[in-house]
Amino acid sequence: MRLVVPLQGVAQGRGGLLLGSVIPCALFCFLQLYFKRRRSPSDPPPPSTSTSNQPGMTRHSSLSNLLSRGPLRISSLATSIAKPDDSPYYMGLDKASEDPYSRIANPDGVIQLGLSENRLCFDLIEKWTSENLRDWVMGREGGDLSISGIATYQPYDGTMKLKMAMAGFMSRVIGRDVSYEPSQMVLTAGVTPAIETLCFCLADHGNAFLVPTPYYPSFDRDMKWRTGVELIPVHCRSKDDFVLSISVLDQAFNQTRKRETKIRGILLSNPANPVGNLLSREMLEALLKFAEEKNIHIISDEIFAGSIYEEKEFVSIAEVVGSEDVDKNRVHIVYGLSKDLFLPGVRVGMIYSFNENVLAAARKLTRFSSVSAPTQRLLVSMLSDTRFIVEYIQTNKKRIQDMRDLFVAGLEELGIKCTDSRSSLYCWADMRNLIPTYGEKGELELWEKLLNVGKINLTPGSACHCIEPGWFRCCFTTLDKEDVHVVMERIRKVVGSRTSCG
């Protein structure tokens with residue numbers, strides 16, 4: 001107060017306006033000079049809100065320095081993954097998801113025939129879930145409500161309860177007394193990470209796998225994106241019903257070795273996706289012999305094993321390995337519940353291997369793709385319900401067969417024939433006589449017209465590395481029976497008189 005009051009007196013009573021202005025200004029200048037002299041020469045200048053009165057600092061110089069650095073970089077891997085999809089498979093899926101068909105809500109939307117999703121028995125899953133919600137939360141054995149089994153850490157590679165339930169379910173699906181050992185299972189959050197994990201375990205960056213064509217388009221993502229492995233197409237042809245032969249496999253092996261690329265294994269789809277063929281016991285035996293001769297692994301993707309109808313015989317490679325004197329260490333099976341049990345959103349896949357080193361590595365890698373504890377509890381309860389599972393498998397096969405017969409009959413009326421496969425959720429349709437020009441360009445022109453004009457999304461064969469243009473995969477289990485007629489009318493609208501060519 002003693003400093004302030006005399007100053008006020010001087011400014012107001014004796015010096016008036018002059019002193020009241022000069023003294024504060026002089027004090028301000030003194031303090032500025034004082035702090036300037038005390039500042040170290042190495043200290044940076046104080047920040048300023050304005051540089052208009054500082055000709056030595058130009059705003060554009062710092063901006064040009066920033067611009068010369070270029071954009072903030074991300075990894076090369078992330079850059080390649082972030083690029084827009086150029087595969088017609090993914091472009092079609094995106095188009096259908098943006099404008100999905102609904103018989104009531106959106107009748108002019110895109111009908112999805114490019115996604116291998118089984119919606120035919122959703123009512124059975126929904127009914128079971130509503131009736132067994134209490135067992136799912138508390139366990140089938142009953143007891144007090146507790147979340148200790150789902151809120152605490154669980155084994156990354158899956159609980160033994162779920163592995164045992166999976167083993168029982170797979171034995172029912174395969175039949176013929178094929179048994180699975182739960183300790184040889186590694187559970188993952190879907191089949192995609194199961195296949196990728198096996199790639200990490202079996203191959204190094206730059207190594208290759210032989211894959212018979214046509215093959216599932218997403219293998220190019222699932223196996224290659226992060227692992228850096230190569231996929232070598234082994235081309236199968238329509239004159240052989242797209243059935244794999246050892247001679248074609250051997251030719252692809254030798255050609256790849258000439259490029260000094262190491263081949264680590266063969267990836268099989270059994271049943272085949274997208275054709276629907278089944279590998280015979282004799283072919284599986286020949287493949288095992290081939291793998292031993294070349295000292296490579298076999299990955300058998302058997303995710304559609306339970307979606308076979310008309311009494312067709314499915315032979316798992318696990319059955320052949322169990323009955324033959326072969327080196328089991330090179331055999332690895334992947335399976336999941338997204339197709340046979342229509343639970344794609346639950347995300348449960350499995351690696352079944354006879355190789356202890358592979359199992360040990362895979363168990364550790366599942367920390368990046370483990371199945372959630374609530375999901376595991378739900379599935380233990382569902383898969384342990386023998387009555388439900390038996391009814392579901394029988395009903396599912398019947399409904400798939402009925403839908404396939406209806407769908408294929410509709411295509412045949414349009415002059416479009418399909419391969420004679422009796423498995424899986426799709427048909428492999430021959431539209432070679434409908435493409436405007438023979439070649440991949442003509443195939444994609446027809447695909448684009450079906451998608452943009454007909455509002456139908458199919459998967460063109462070129463997306464599956466099919467060497468013969470004009471083949472398309474049609475997934476019919478996404479439809480209701482009432483929708484089949486709509487599909488055929490839309491195809492007729494696009495292809496017009498070309499269908500009469502047979």
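Q: Exposed means over 50% relative accessible area; in this predicted model, is Asn357 buried or exposed?
A: Start with the setting: Asn357 sits in helix H15, residues 356-365. Its relative accessible area comes to 66%. The cut-off for exposed is over 50%, so Asn357 is exposed.

Q: How far apart are the C-alpha atoms of Asn357 and Asn329?
A: Along the chain, Asn357 and Asn329 are 28 residues apart. In space, the separation between their C-alpha atoms is 9.1 Å.

Q: Is Lys328 buried, partly exposed or exposed?
A: Lys328 belongs to the loop between helix H14 (317-323) and strand E7 (331-336). Its relative accessibility is 35%. Buried needs under 20% and exposed over 50%, so Lys328 counts as partly exposed.

Q: Which residues is Lys328 in contact with, leaving aside neighbours within four places in sequence?
A: One partner is 26 residues away in sequence, yet the C-alpha atoms of Lys328 and Phe354 are 5.7 Å apart. With neighbours within four places set aside, the contacts of Lys328 are Val321 and Phe354.

Q: How do the axes of H6 and H16 lie relative to each other?
A: Helix H6 covers residues 122-131 and helix H16 covers 373-383, and their axes come within 11 Å. The crossing angle is roughly 105°. Angles of 65 to 115 degrees count as roughly perpendicular, so H6 is roughly perpendicular to H16.

Q: Which residues of H16 meet H6, and how many nonpolar, polar and charged residues does the contact have?
A: From H6 come Ile125, Trp128 and Thr129, and they meet Leu378, Ser381 and Met382 in H16. By class, the contact has 4 nonpolar, 2 polar and no charged residues.

Q: Which residues touch the most other members of the largest nonpolar core?
A: This core holds 66 residues. Helix H9 (residues 160-174) gives the most to it, with 8 residues. Domain 1 (85-121 + 390-494) and domain 2 (140-385) each supply at least three residues. The members that touch the most others are Leu341 and Leu383.

Q: Which residues is Leu341 in contact with, leaving aside neighbours within four places in sequence?
A: Two of its partners turn up in the helix pair too: Ile125 in H6 and Met382 in H16. Setting aside neighbours within four places, Leu341 is in contact with Ile125, Phe169, Met382, Leu383, Ile389 and Tyr392.

Q: How many residues are in the second, separate core?
A: Cys199, Leu202, Cys427 and Trp447 are among its members. Its count of residues is 63.

Q: Where do the cis peptide bonds at Pro214 and Pro271 have their omega?
A: Pro214 is in the loop between strand E3 (208-212) and helix H11 (219-222), while Pro271 is in the loop between strand E5 (263-269) and helix H13 (281-294). For the bond from Thr213 to Pro214, omega is near -5°. For the bond joining Asn270 and Pro271, omega is about 0°.

Q: Is Phe242, with its positive phi, buried or exposed?
A: Phe242 is not a glycine, yet its phi is about 60°. The residue lies in the loop between strand E4 (230-234) and helix H12 (246-258). Its relative accessible area is 5%, and the limit for buried is under 20%, so Phe242 is buried.

Q: And Glu260: buried or exposed?
A: Glu260 also has a positive phi, near 60°, and its place is in the loop between H12 and E5. With 74% relative accessibility, Glu260 counts as exposed.

How values were computed:
Residues are numbered from 1 along each chain as its sequence is written. This is a predicted model: local features need pLDDT of at least 70, side-chain atom pairs count only at pLDDT 80 or more; totals for chains, interfaces and linings use all residues. Side-chain values use heavy atoms; hydrogens and water are left out. Axes are lines fitted to C-alpha atoms, for helices over the stretch in contact, and angles run from 0 to 180 degrees between N-to-C directions. Helices (H or I, at least four residues) and strands (E, at least two) are DSSP runs, numbered from the N terminus. Angles under 35 degrees count as roughly parallel, over 145 as roughly antiparallel, 65 to 115 as roughly perpendicular and the rest as oblique. Contact means heavy atoms within 4.5 Å. Ala, Val, Leu, Ile, Met, Phe, Trp, Tyr, Cys and Pro count as nonpolar, Asp, Glu, Lys and Arg as charged, and the others, Gly among them, as polar. A nonpolar core is a set of buried Ala, Val, Leu, Ile, Met, Phe, Trp, Tyr and Cys residues joined through side-chain atoms within 4.5 Å. Buried means under 20% relative accessible area, exposed over 50%, partly exposed in between (1.4 Å probe, protein chains only). Domain bounds come from an automatic or database domain assignment.
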